[in-house]
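Hello,

Here is the structure I promised to pass on to you. Have a look at it first, and then read my notes below.

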Amino acid sequence: MWTDPVVMANLAPVKDTDAALARHDSYRHEGLGFWVVARREDGAAIGFCGLKRGNPGSPIEGLVEIGWIFAAPFWGQGYAHEAAAASLAWAWQNVREDRIVAITAARNLKSQGLMERLGLRRVVDGDFDHPALAPGDPLRRTVLYEILRPA
């Protein structure tokens with residue numbers, strides 16, 4: 001998925017899969033990471049979803065961030081919502097933070113819609129230019145969403 005230009009069009013430049021997975025090693029000791037999402041009926045790996053620490057040098061550095069990525073044939077079928085909702089439920093039972101954040105490119109309206117359906121709200125004055133992306137990159141402008149720990 002990280003090497004598919006269609007999947008990555010609103011996320012980030014295409015990436016080497018091994019490198020993308022290796023980045024997650026730094027917070028696995030906390031139980032965080034992206035889990036494989038497998039389709040129930042046949043076990044096919046259709047995406048990844050989970051929790052990680054915000055990237056160093058970004059405005060969300062060190063915060064718990066939820067994210068997801070799915071192969072294009074599985075978009076719009078509820079898989080991302082189901083996996084992200086399960087990830088949030090796990091987080092509230094296993095992490096101490098009072099909020100979880102999510103980011104995406106400002107132009108990625110589908111992910112923003114999912115964030116809102118999950119109960120995340122856009123942070124007022126939270127938009128930023130992603131430091132890992134060059135000036136002029138259409139993905140650089142980033143929006144920040146958050147969800148607070150349930151009472």
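Two aromatic pairs turn up in this predicted model. In one of them, Trp 35 and Trp 90 meet edge-to-face, with 5.4 Å from centre to centre and 70° between the planes. Trp 35 belongs to strand S1 (residues 33–38) and Trp 90 to helix H3, so this pair ties together parts that lie 55 residues apart in sequence. Trp 35 is partly exposed at 33% relative accessible area, and Trp 90 is also partly exposed, at 27%.

Phe 74 and Tyr 79 make an edge-to-face pair as well, 6.2 Å centre to centre and with 75° between the planes. Here Phe 74 is buried, with a relative accessibility of 17%, and Tyr 79 is buried at 17% too.

Next, the interior. The largest nonpolar core has 29 residues, and those with the most contacts inside it include Ile 66, Trp 68 and Leu 88. Helix H3 provides the largest share of this core, seven residues. There is also a second, separate core of six residues, among them Ile 60 and Phe 128.

Finally, which residues of helix H4 (residues 109–117) are buried? They are Ser 111, Gln 112, Leu 114 and Met 115. These four sit on the same side of H4, because they cover an arc of only 160° around its axis. They pack against several elements, including helix H3 (79–94) and strand S4 (99–105). The face turned away from that buried side carries the exposed Leu 109, Lys 110 and Arg 117. Just after H4, Gly 119 adopts a positive phi of about 100°.

Enjoy exploring!

Conventions. Residues are numbered from 1 along each chain as its sequence is written. This is a predicted model: local features need pLDDT of at least 70, side-chain atom pairs count only at pLDDT 80 or more; totals for chains, interfaces and linings use all residues. Side-chain values use heavy atoms; hydrogens and water are left out. Buried means under 20% relative accessible area, exposed over 50%, partly exposed in between (1.4 Å probe, protein chains only). Helices (H or I, at least four residues) and strands (E, at least two) are DSSP runs, numbered from the N terminus. The arc is that of the directions from the helix axis to the C-beta atoms. Contact means heavy atoms within 4.5 Å. A nonpolar core is a set of buried Ala, Val, Leu, Ile, Met, Phe, Trp, Tyr and Cys residues joined through side-chain atoms within 4.5 Å. Rings of Phe, Tyr and Trp (its six-membered ring) pair if their centres lie within 6.5 Å; planes under 30 degrees apart count as stacked, over 60 as edge-to-face and the rest as tilted.
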